[in-house]
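Subject: A structure to look through

Hello,

Here is the structure I promised to hand over, and below it you will find my notes on what was found. Please keep the model open while you read, so that you can follow each element by its number.

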Amino acid sequence: METAAEIAASKWPALYIAIEHHRNTIDKPMTFVDAAWWIPIYQDNSNDIVLKSAVQTGKTEYLKCKSFAGCLEGWSVLYTLPGDHDAATFVSNRIKPLLERIPFYAKAVGHTDNVRIKKIWGGTIKYIGSNTIEGFKEFPAQMLVIDELDYCDQENIVFAVDRLGSAQQRTGVPPTTVRSSNPTLPNYGIDKLFNLSNKQKRLFKCLHCNTWQPLSWFDNIVIQEAERSYLLRDRDWSEGAGLDPKILCTKCGGEIDRFGYAEWVAEHPGVEMSGYEISKLFTAQTTITKLWSDPELGFNASLNNPTKYKRFITSDLGMAYSGAGERVDEQVLAACADANYHMPHEGANCIAGVDVGGVFHVHCEEIVDGKRVKRYIGHVNSWEEVGKVFEKYNVWLAVIDVRPETHAAKRFQAEWSGIVWLCEYPPNPTTKDMQVNQAEAYIKIDKHQSLDASLEDYLSKRVVLPVDWQSLDGGDFVAQMIAPVRTEVERSGGIRVAIWVEGDNPDHHRHADNYCKIASDLLDAYTPGVC
Ligand SMILES: [Zn+2]
């Protein structure tokens, strides 16, 4: 099938574009040899398609082919990404080179003055960010493609979908919607749409007992042994043997081949909206070994840290996860207490964290055998007294809240030059990593991610508390450590996220502890006296 006209007249235009002409981002033809599970999705001609997907499964190539197939029909297609900047980058890095490089597209592209609009065959695609509602108002679309739905402005998206509905009255053609995303929170965004759809899951047939089942990390691969502790169901697996852990049938325990016999099966067959759940458990991009034991990103490495755990569940398994309710609780603190340890009245070689407010909450710690051993936990009333605590505990590296007293904090930093670093939690952090400005001894860090990291230290027992932890600072230590909780909140544009929220209770000790954690992380990147 060589010509556009032939493909347009075919039953599955998106599939034929993909197979006959399209090339992926590394300029390779789309063979589907490793990904036969995509073919039924490319063949799905329903008007409302929902993809709830792990990352790097090939969904962007699908959305491109689908939107080009819309152009073959002569449609106007609105291709939406979360932000205007995302849309601009997508056009210049992914679409423009593709349309120039592939002759099939190149000879079909017409001229436009707007770089965000591509005229192909008789159709038009406009690439926009969901954050500007004007983009949805101006363009009369018959097809709406949305990528990374969960990160899009939810209110504008609802408006766009409503507006598309009116297209049918004008053109007589029922509109087509293709919505796709890596899921985030349960029953929000793509997860909510998938739950409303016919819910197609990839079911695998156990060749030992003929039971059909979806592949589930928790049912077929691991078994829970204790809180935050799992074993492989495949007891015979060993890391060095070079084989993947086996996926075992939930009914008979026989082995299931994740590239073996499988079909998409709808849980709600009567529902029109066509939804697919795509996980890495049946894609060729990764191995079960990597998912289980990768030192950075694997399941085991993620269990004590909500950020890492959420990444594993959403990005690898393609499932929604909230982490709501996660907190440092009294049990977690008790597990870190040493019954024989009392904090000293003075110390040596300490790092410190200070939370600045009406009073100053100060923690001093010494790193011993990779553990953060608490040497001082308390509060003082002035910068001068903070200095006295530093002297007493021989603090050589401290991280201090830059807010709310920015000028005073900078004065204190100048007094303790080479020792004190200032730390800011930016309201909209641009990167997940800690940004370190060594020249100014200034740190910017994502507050929620860093609170996850300090929680991980407690869950992994990398903090040592004294025997009298319950009465420290008149009981305020415990009360303030347990105050922040991970909670789902709604941000502007209706975008929902799970973040740490302190509620109505003070949380100064939790932050003083967090600044200590940040100081301990700085140790890797910093040598005293060099700043
Ligand atoms: Zn079986």
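Helices (H or I, at least four residues) and strands (E, at least two) are taken here as DSSP runs, and they are numbered from the N terminus. Please note that this is a predicted model, in which local features need pLDDT of at least 70 and side-chain atom pairs count only at pLDDT 80 or more, while totals for chains, interfaces and linings use all residues. Residues are numbered from 1 along each chain as its sequence is written.

Let us begin with one residue, Trp 37, which lies in the loop between α2 (13-21) and α3 (39-42). A residue is called buried if 20 or more other C-beta atoms lie within 10 Å of its own, exposed if 12 or fewer do, and partly exposed in between, with the C-beta atoms placed from the backbone. Trp 37 is partly exposed because 18 other C-beta atoms lie within 10 Å. Two residues are in contact if their C-beta atoms, again placed from the backbone, lie within 7 Å, and Trp 37, once its neighbours within four places in sequence are left aside, is in contact with Arg 202, Ala 262 and Phe 282. Of these, Phe 282 is 245 residues away from Trp 37 along the chain, yet their C-alpha atoms are separated by 8.5 Å.

The next part concerns a sheet. Strands of a sheet pair through backbone hydrogen bonds, either parallel or antiparallel, and two strands are counted as paired if DSSP finds at least two bridges between them. In this model, 8 strands form an open sheet with mixed pairing, in the order β21-β22-β20-β19-β16-β17-β18-β23. Its edge strands are β21 (435-437) and β23, each of which pairs on one side only. At one edge, β21 runs antiparallel to β22 (residues 442-444), to which 3 bridges join it, and Asn 437 stands opposite Tyr 442 in β22.

Further along the sheet, β16 (residues 350-356) and β17 pair in the antiparallel sense over 6 bridges, and a hairpin joins them through 3 residues. Strand β17 (residues 360-368) is in turn joined to β18 by 9 bridges, also antiparallel. His 363 is a useful residue to find, since it stands opposite Gly 353 and also opposite Ile 377 in β18. The hairpin of β17 and β18 has 2 residues between the strands, and there Asp 369 takes a positive phi near 50°.

Strand β18 (residues 371-380) is mostly covered, with 7 of its 10 residues buried. Its pairing with β23 (residues 463-464) is parallel, over 2 bridges, and Arg 372 has Val 463 in β23 as its bridge partner.

Finally, please look at helix α16 (residues 383-392), whose buried residues are Val 386, Val 389 and Phe 390. Seen down the axis of α16, these buried residues fall within an arc of 100° (the arc of the directions from the helix axis to the C-beta atoms), so they line one face of the helix. They pack against β16, β17, β18 and β19 (395-401), whereas the face turned away from the buried side carries the exposed residues Glu 384, Lys 388 and Glu 391. Just after α16, Asn 394 takes a positive phi of about 55°.

With best wishes
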